[in-house]
Amino acid sequence: MTFKEINANEISDNIFKLIGTDWSLVTAGNSDKLNTMTVSWGGAGIMWGKPCVFTFIRPQRYTFGLIEENDCYTMCFFDESYRKALQLCGTKSGRDCDKIKEAELTPAFTEDGIPYFEEARLVLVCKKAYGQFLTEDSFTDTENINKWYSAGDYHKMFISEITKVLVKE
C-alpha cells in the first residue's frame, strides 16, 4: 500500500483517541540508527500559527537521545491489529534488543530521510520548534508531581511543527 499526503487540517481522527487511546509510535533517527517508542501522552493544536504536536519524553528513554540529535521525528498511528506491536515498543528498550524487528514493523523513510513505518495508517512528520523540561516549580497541581514524578524524572516537552501528513491509501 502507498501513502498520500494531506494537509494537517484534513485529519479527521479525534486527537484524544489517537494519542490517548490508540497510542502512537514516536520514531527518530536515520537509516543507520533509529528507534521508536510508544507514547500515549501528548496533544496537537495550533502554535505560532502552525499545526503542531506536543510530545513528552523522559530523558532515560533511548529514543530521547535520537530526538535530541535530529531536527525531525515522526508520530505513526496504526489500526487495532498492531496493538501488540505498540505494547512491545512501549515495554522494551532499543538499547537491549531490535524491538522494531520483534514488532515486525517495516521502516520507511521520507525523501528527507525521516523514519516512519509502512504499516502505519497515519504519519505525522514533525519538526522540533521548542523543547523544555517540565519542572517541579511550574506545577500548579502538585498531585501530578507525586503521582507521576516521584523519582524526579520529568519529561521534556517538545513543541513540533507538523510539516507533512501521510495517510494510507
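**Exercise 1. In this predicted model, determine which parts of the chain are tied together by the salt bridge between E68 and K156.**

Solution. The side chains of E68 and K156 meet in a salt bridge, with 3.0 Å from N to O. This falls within the 4 Å cut-off for such a pair. E68 belongs to helix α2, whereas K156 belongs to strand β10, so the contact ties together parts that are 88 residues apart in sequence. The next step is to classify each partner by its accessibility. E68 has a relative accessibility of 35% and therefore counts as partly exposed. K156, with a relative accessible area of 12%, is buried, because buried means under 20%.

**Exercise 2. State how many salt bridges a search of the whole structure finds, and locate the partners R121 and D13.**

Solution. The search of the whole structure finds 7 salt bridges. In one of them, R121 pairs with D13, and the closest N and O atoms are 2.9 Å apart. R121 is placed in the loop between β8 (115-117) and β9 (122-133), and D13 in the loop between β1 (3-6) and α1; this pair links distant parts of the chain, 108 residues apart. R121 is partly exposed at 27% relative accessibility. D13 is likewise partly exposed, with a relative accessible area of 29%.

**Exercise 3. Decide whether D153 and R58 are buried or exposed, and where each residue lies.**

Solution. A salt bridge joins the side chains of D153 and R58 at 2.9 Å, N to O. D153 is in the loop between α5 (143-148) and β10 (156-168), and R58 is in the loop between β5 and α2, so parts that are 95 residues apart in sequence are tied together. Both D153 and R58 are buried.

**Exercise 4. Establish how many disulfides are counted, and how far the sulfur of C126 is from that of C72.**

Solution. A disulfide is a covalent bond between the sulfur atoms of two cysteines. The count for this structure comes to 0 disulfides. For C72, the nearest cysteine sulfur is that of C126, 8.4 Å away, and C72 is in no disulfide. The cut-off for a disulfide is 2.5 Å between the sulfur atoms, so a separation of 8.4 Å does not qualify. C126 is also in no disulfide, its nearest cysteine sulfur being that of C72. C72 is buried, with a relative accessible area of 17%, and C126 is buried at 0% relative accessibility.

**Exercise 5. Describe the largest pocket by its volume, the elements that line it and the classes of its lining residues.**

Solution. The volume of the largest pocket is about 480 Å³. Its lining comprises 26 residues, and the closest to the centre are M37, T38, V39, R61 and G90. Two or more lining residues come from each of β3 (34-39), β5 (50-57), α2 (62-69) and α3 (83-91). Among these elements, β3 gives the most, with 5 residues. Sorted by class, the lining holds 9 nonpolar, 12 polar and 5 charged residues.

**Exercise 6. Give the corresponding description of the second largest pocket, from its volume to the classes of its lining.**

Solution. The second largest pocket contains about 200 Å³ of space. Of its 14 lining residues, A8, I11, A44, P51 and I162 lie nearest the centre. At least two lining residues are supplied by each of α1 (15-22), β4 (43-47) and β5. The lining of the second largest pocket consists of 11 nonpolar, 2 polar and 1 charged residues.

Methods
Residues numbered from 1 in each chain as written. Predicted model: local features only at pLDDT ≥ 70, side-chain atom pairs only at ≥ 80, totals over all residues. Heavy atoms only, no water. 1 Å grid on protein atoms, 1.4 Å probe; cavity = no way out; pocket = protein on both sides within 12 Å on 5 of 7 lines; lining within 4 Å. Points joined across faces, edges and corners; volume = space filled by probe spheres on them. Helix = DSSP H or I, 4+ residues; strand = E, 2+ residues; numbered from the N terminus. Nonpolar A, V, L, I, M, F, W, Y, C, P; charged D, E, K, R; others polar. Buried < 20%, exposed > 50% of the residue type's maximum accessible area, 1.4 Å probe, protein only.
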